[in-house]
Amino acid sequence: MASTEHFTTATSEMDEEKEAPPPQDLTLGWVRDALVRQEDSIVFALIERARFPYNAPAYDPSLLPQQGGRSLVEAFARGAEVLQAKFGRYQNPEEVPFFPDDLPAPSVIPYNFPEVFHPASAYVTENNAIWNMYFNDLLPLFTVEGDDGNYTSTAAADLVCLQALSRRIHYGKYVAEVKFRDAPQDYMTAICAKDRDALMKLLTFEAVEEMVKRRVLKKAMVFGQTVTLEDKTFDDETKYKVDPAVVARLYDEWVIPLTKDVEVEYLLRRLD
Ligand SMILES: O=C(O)C(=O)C[C@]1(C(=O)O)C=C[C@@H](O)C=C1
């Protein structure tokens, strides 16, 4: 049987803990606690991006005539990844670049990150889907129309959101690895048959998904209210910096399904 351990995920105390590198003896509880922590990063990143209006010129290639058809946001993300690759960001297997071609080799002395992933599965990436989802679906849902000229700050805020989402979704590799180790026989049968549906069924825990969606909705309410010195309770009049329903929808329609896609793709290569 696939593992059903640790249905209840982290407590509020865990939320306050710093993120540690994954232990070699990875457990589903450890990975789920890390996913809970990353919800904070995602909600705060969305709040920071929502400070700016949509800022359409940041996405219009005509703003940067010298960039060969690239928008400011794409040129910014590519440039930031080149810089960050040079200083070693992608040595950490949790970090997956959006534009992996042409990244320079790191010039820093490598840190010995634990090798948890199966080598053939390590390079699974859903970053194209994440990029398209973010700009085509999500961004219009949580920004107001308008143009305040802050295009570079907007692009920087977009990249923080994208990197937080990418890290969370690619954590599906840790989830898949630990689930495989917990129930190798169940997964091996589905992997050998290349049966995506069976893998999807094995790795799905609907009760956990429901808890995740309820928790991110609540986090968006708590983190996204204006804090005053008066005592206040949530009501229909409360204004949030990012609509909590959009955050719940983000997880329901995109974050959880893409995480599961990462898990399936990882597992399909797990015996190679
Ligand atoms: O916690 C897990 O078991 C996961 O695989 C992660 C996750 C999620 O993305 O939050 C995805 C699939 C499961 O159905 C439940 C939750």
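Which residue has a polar backbone atom 2.7 Å from an oxygen atom of the ligand? In this predicted model, that residue is Phe 205. Side chains join in as well: a polar side-chain atom of Glu 209 sits 2.5 Å from a ligand oxygen, and an N or O atom in the side chain of Glu 263 is 2.7 Å from an oxygen atom of the ligand. On its own the ligand would expose 360 Å², and the protein buries 99% of that. In total, 14 residues surround the ligand. Those coming nearest are Arg 32, Lys 179, Phe 205, Glu 209 and Glu 263.

Now for a pair of helices. Helix α4 covers residues 127-142 and helix α10 covers residues 244-268. Their axes come within 11 Å and cross at roughly 170 degrees. Angles over 145 degrees count as roughly antiparallel, so α4 and α10 are roughly antiparallel to each other.

On the α4 side, the contact is made by Ala 129, Ile 130, Met 133, Asp 137, Leu 138, Leu 141 and Phe 142. From α10 come Val 246, Arg 249, Leu 250, Trp 254 and Leu 258. Sorted by type, the residues of this contact between α4 and α10 comprise 10 nonpolar and two charged, with no polar ones.

Methods. Residues numbered from 1 in each chain as written. Predicted model: local features only at pLDDT ≥ 70, side-chain atom pairs only at ≥ 80, totals over all residues. Heavy atoms only, no water. Axes fitted to C-alpha atoms, helices over the stretch in contact; angles between N-to-C directions. Helix = DSSP H or I, 4+ residues; strand = E, 2+ residues; numbered from the N terminus. Parallel < 35°, antiparallel > 145°, perpendicular 65-115°, else oblique. Contact = heavy atoms within 4.5 Å. Nonpolar A, V, L, I, M, F, W, Y, C, P; charged D, E, K, R; others polar. Near = heavy atom within 4 Å. Polar contact = N/O pair within 3.5 Å; in protein donor to acceptor, adjacent residues only side chain to side chain. Areas by Shrake-Rupley, 256 points an atom, 1.4 Å probe, with all protein chains shown as cover.
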